[in-house]
Each structure stands twice: as structure tokens, then as C-alpha cells.
Amino acid sequence: MSTHKLTVKIQAPAHELITRAFTILKDRIQERCLTAVVQGHAHATLVLATDSDLAPDAFRIDEVDHVTRIASGSPRGLIYGIGKFLRTSGYDGTFEPSSWRGTSVPQSSVRGMYFASHFHNWYHVASEEEITRYMEDLMLWGVNVFKVTFPFINLQDWNDPEAQTALEMASKYGRICKKLGLQFCIGINNTSFIGAPDHIRAQKLPSDQRLRGNCGHPICPSNPEGLDYLMENIRHLFKQFYDQFGDIGLDFVKFWPYDEGGCACEKCKPWGCNGFFNFARQITKMGREYFPGMQAILCTWVFDTPYEGEWPGLTTAMGKDGNWVDYILADSHTDFPRYPLDVGVPGNLPLLNFPEISMWGNLPWGGWGAHPLPDRFGRLWDQVKHVVKGGFPYSEGIYEDMNKAIVVQFYWDRDQTAQETLKEYIAYEFGAGVTQDVLAIVEILEDSATCDRTDEPVNKQNVQCAFELADAVNGRLPNWGRKSWRWEILSLRTVLDRERFVVGSIQTPEAQSAMARLMEIYHCQMETHDPYHHRVRPLFKQALSLGGED
């Protein structure tokens, strides 16, 4: 039964995160409908409770004496339960409480999200208020750990005017994680500052198709001066985090082999099972001086492309000295690598994946608006869902928000389909009664992106249909759904697809207006000295890159 007032009773020990859970519940309901959410005991219609019989992240939604109860084994788990409750409730004028009942236990231990906080993208420049809100939103879907990277690639050295700003940015994410009861991870590799001396630089990698990236400013750790340089800079980074959070502040370090990293010199190769492995081991030892409980994730992204024996070499290295590693992460640009599936995970460790939810068929990243790819990630998940224990989707911005929800729900329930998640997403974020039309729009957008990526003809009739559907849906949305940035970026994508695929130009007033609005949503810089900002900025003709482009 819908209600103009929802009275919530809290049956849990006093805890800052319990208070936060109630506030999240209240804010999300009141911004969607006219129902007032209040805390009280008399005539309560919803109870938030902790239950020691439940696992810390598990939740149960049931009914006791006609009162709905959300319970979990921990304050953090209570927020996960609130997320399910919110997504399955109704907001048509007044609040219609969820009828979903049951117990839900996450099946993956690492339900991560990697915010690539660089290039002056949204994660790099958004306000703390915006970031906190977004991290809360993703937590409602089940995220339990966030990762950021200190952007060495953007900085000359520690004296760079933006270096302290970058440290404060990374620390900000750590502080928010701790306030939300979440785990915090940073990424480390052998890349460093732009101003690193030439004589300690790494040797370029063999990569005929640039699959390994060869980006950034990697340093050779087999060069004693290079190793000293890396250790000094990374120790400074660890110390900064220690000063911010104390010895419990850094839960994971994720070591990345390629893209912004790698070295092909004789002493380092084969990199993945030699130079990289030895470097990561030394950094782990140093990091645990500051954070004794820090876990190490060793990444094998694009190992053996081309083949150099990295996978079998890593198995051998792990057998000799691998007790410092806690997880192996694997993935590639396309299908999941076969070695850990067919041969086994080196060291018999838990396996994580790394869904690339941002860049596939999408340059500039986010420049065309929302980028949903449910079928792609459903297919890739089916390859690994029987073996992985979670992962870290790679995100360059907020435009692939749908993909985030899909993948995190895979981690929560390996048998949850992308379509099931999208139905919850659409009803919760856009309102009732538009689910089928928005699903049709998403299907067309993914088909168009896939055809464009694979150089196949885009179905212009379908693109026009998506544009018209979005226009019709826009008129049926509640005011809160229509004004949501999530709907805006989806609607703007239908405009831009029509202009580039049907009209045949991105210089039209309609296309340029859509790009200008995306720049506002993403906080893009109209004039930038960042040589990488063009990768995350729409192709707005008035935008200028003053520092060159890499």
C-alpha cells in the first residue's frame, strides 16, 4: 500500500554507518516521491536491524507482524539490503514499499570498482559531495571495495603544482571508503613521473597491435637506479596514505603489468613472470611496513600477447615464492585468457576479472553519452562465472553506469542476468512504465556501438527509432527521472547516434549542443593543458587542447 509517510524503526546498536544507512534510504525515497521518511518507534512500517545469524554482507527482507524488516549481519550489509529494497519499490507519486522477500548472500568476496582517476575526467575533478553520492549509489548495488590510482602519468614530479592536489584527490577516495565501511585499493606499477631521468626508463614492449599499451613513463626496475627511484616515490605515496588513515587505511594494492607499465630489457623479460613479479614482491614488502594487513592483487592483463611464456613462467615463480600474493587478476581486450581456465590459476589463488566497461568502441570515452553493453558483458561473464571470486570493472567515467550495475550484480549473484539487472535499474532510476521502451533503446545502442566497432553497417532505421523512443519516453518520465543525469546521458546518446549515423555529421547544431551538455555533466575542461584530456572529452568544436595530445 502506498503511503505519504514512512516511519522507520532502527533495531541495531548505535553506529555511524547505521545512521548513514537511514539517511541514504530517506534521501533516495524523498527525492523520488512525496512520501516523508522519518525515524520513530510508534507505528513504524519499516525496521532496519542487524542480525548476528546473517553473514556480514548478507541481507534479509522479511515481514514481522505486518512490518517490513531489512536485516543484515553488519551495518554495511544493511546498506546492501536497502539497495535491493529501494530498487524494487515504487515511486508513482507516493512510496510503494517493495514486496520482495528473501535472503541474499553475495557470492563474490571482491566486488570492486576501479575509478581511473586521471586525465581530468569526472573522477579526477568532481567535488567530494558528488563523489560521495556516487559511491553510495554503487554501494547500493553491492560494491565493497573501490580502487583509484595516483596519476603519475599527468605529473612532472612531486614539485608539480598539481601533485598535492592529486594526493588529496586519492586520499579523498580513501576517506570516503572508510566512512562508508568499504575497503580501499590503490594501483601501482613501474610507471612514474613525466620528468623521470631518461637513463632509467624502461625499454619499449614488443606489441604489434599495441595490445599492451606502451603508455605512460615506465621505469626499469632491473636498473638499480631505476628501482631506487621507484621505491622512493612509492614509499612517499604509502607514507601519505598512512598519514591519512593510519595502519588500517589501505586494504589492497593492485599491481598492473602493462599499459602504463612494463619493460622489455634483457634483465626484466619476460616481464610478467620476471621483472614485474620481482618488482611487485618488493613493493608489497615495503607496503606492509605501513599497512600490515594489506592484500596484494597481481594482475596478468594481456599476458603473452605476443607469447613470451609469461603464464607458465608465473606458475613457476608462484611455486617458488608466491606466498606474498593474495589474488590473481586476469583479463584481456577480448575474451578471457584461456590459461587460468584450462591449466589453472598460478599459485591456486582466488581469481578476479577486469571487465573493461568504458572504452570498447567508444572513443572519446564517454564522448557519445551513455555506453550500455549488456549483451557483451553477459557473454564475457558466462566465460568466467564458474571460477572468479569477483573483480574490478575499469571505469573512465559515469557514462557506463548501467554496465557497473550489471557487472556488480554478476559478482553478487553469478546467475543474475544482465536483463534482470537492467529492469531493476530502469524502474529505479527512470520510473515505472518505461522499462520495455528503455530496454529497446539500450538494445539498439549496443547494436550500433558493436557495428561501429567492428566496421559493419549500422542500422540507420533502428538508430532513428531509438531517438524517437527516447523522445516519447522523455514525455512519460516523472520529473525526478527526466532531470537525472543518468537519463540525460542516455537520451543524449540517441541524439548523437542519430546525428553521426543517420544525418552523417557531428557538426550539426543538435550534435554540438548534445556534446556541450555532456561536457557540463562530466566537468570537462573547455581549454586544457592535459595532453590526455581529449580521450575523455566529447568532440565539441569549441574545446581546445593547449598542451598537445598524446
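**Close-up views of a predicted model**

**View A. E443 is exposed, at 55% relative accessibility.** The value counts as exposed because the cut-off for that class is over 50%. The structure shown here and in the other views is a predicted model. E443 is placed in helix α13, which covers residues 435-453. On the surface, E443 gathers with D375, D447, D455 and E456 in a patch of negative charge.

**View B. Strands β4 and β5 form a hairpin.** Strand β4 runs over residues 59-64 and strand β5 over residues 67-72, and the two pair in the antiparallel sense. Six bridges make up this pairing. Two residues separate the strands, and D65, in the turn, has a positive phi of about 55°. R60 has A71 as its bridge partner in β5. Strand β4 also pairs with strand β6 (residues 102-104), again in the antiparallel sense, over three bridges. On that side, R60 stands opposite T103 of β6.

**View C. D51 and R60 form a salt bridge.** Side chains of opposite charge can pair when their charged atoms come close. For D51 and R60, the closest N and O atoms are 2.7 Å apart. How buried or exposed is R60? R60 is buried, with a relative accessible area of 18%. D51 is also buried, its relative accessible area being 17%. Both assignments follow from the cut-off, because buried means under 20% relative accessible area. The backbone position of R60 is the one seen in the hairpin view, where R60 is the bridge partner of A71 in β5 and stands opposite T103 in β6.

**View D. R76 and D57 meet in a salt bridge through their side chains.** The N to O distance is 3.1 Å. Distant parts of the chain are linked by this pair, with R76 in helix α2 (residues 75-87) and D57 in the loop between β3 and β4, 19 residues apart. R76 and D57 are both buried.

**View E. A salt bridge joins the side chains of E429 and R486.** The separation from N to O is 3.6 Å. This pair also links distant parts of the chain: E429 belongs to helix α12 (residues 418-430) and R486 to helix α16 (residues 485-503), with their positions 57 residues apart in the count. E429 is buried, at a relative accessible area of 6%, and R486 is buried at 7%. Through shared partners, salt bridges join E429 and R486 into one network with R20, R28, E31, R32, R133, E136, D137 and D401. In the whole structure, a search finds 38 salt bridges.

**View F. Cis peptide bonds precede P270 and P364.** The bond between K269 and P270 is cis, with omega about -5°. P270 is found in the loop between β10 (252-255) and α7 (275-290). The bond between L363 and P364 is cis, with omega about -5°. P364 has its place in the loop between β13 (351-353) and α10 (374-384).

**View G. H43 and D304 have positive phi values.** Phi of H43 is near 60°, in a residue other than glycine. H43 sits in the loop between β2 (36-39) and β3 (46-50). D304, which is not a glycine, has a phi of about 55°. The loop that holds D304 lies between β11 (295-299) and α8 (310-321). Which of the two classes, buried or exposed, applies to D304? D304 is buried, with a relative accessible area of 13%, whereas H43 is exposed, with a relative accessible area of 73%.

**View H. C185 lies in strand β9, residues 183-188.** At 0% relative accessibility, C185 counts as buried. From C185 to A405 the distance is 20 Å, C-alpha to C-alpha, and the two are 220 residues apart in sequence.

How values were computed:
Residues numbered from 1 in each chain as written. Predicted model: local features only at pLDDT ≥ 70, side-chain atom pairs only at ≥ 80, totals over all residues. Heavy atoms only, no water. Patch = residues over 30% accessible without salt bridge, like charges linked within 9 Å, V, L, I, M, F, W, Y side chains within 5 Å. Areas by Shrake-Rupley, 256 points an atom, 1.4 Å probe, with all protein chains shown as cover. Salt bridge = Lys/Arg side-chain N within 4 Å of Asp/Glu carboxyl O. Lys, Arg positive; Asp, Glu negative; His and termini not counted. Charge placed at Lys NZ, Arg CZ, Asp CG, Glu CD. Helix = DSSP H or I, 4+ residues; strand = E, 2+ residues; numbered from the N terminus. Buried < 20%, exposed > 50% of the residue type's maximum accessible area, 1.4 Å probe, protein only. Pairing = 2+ DSSP bridges.
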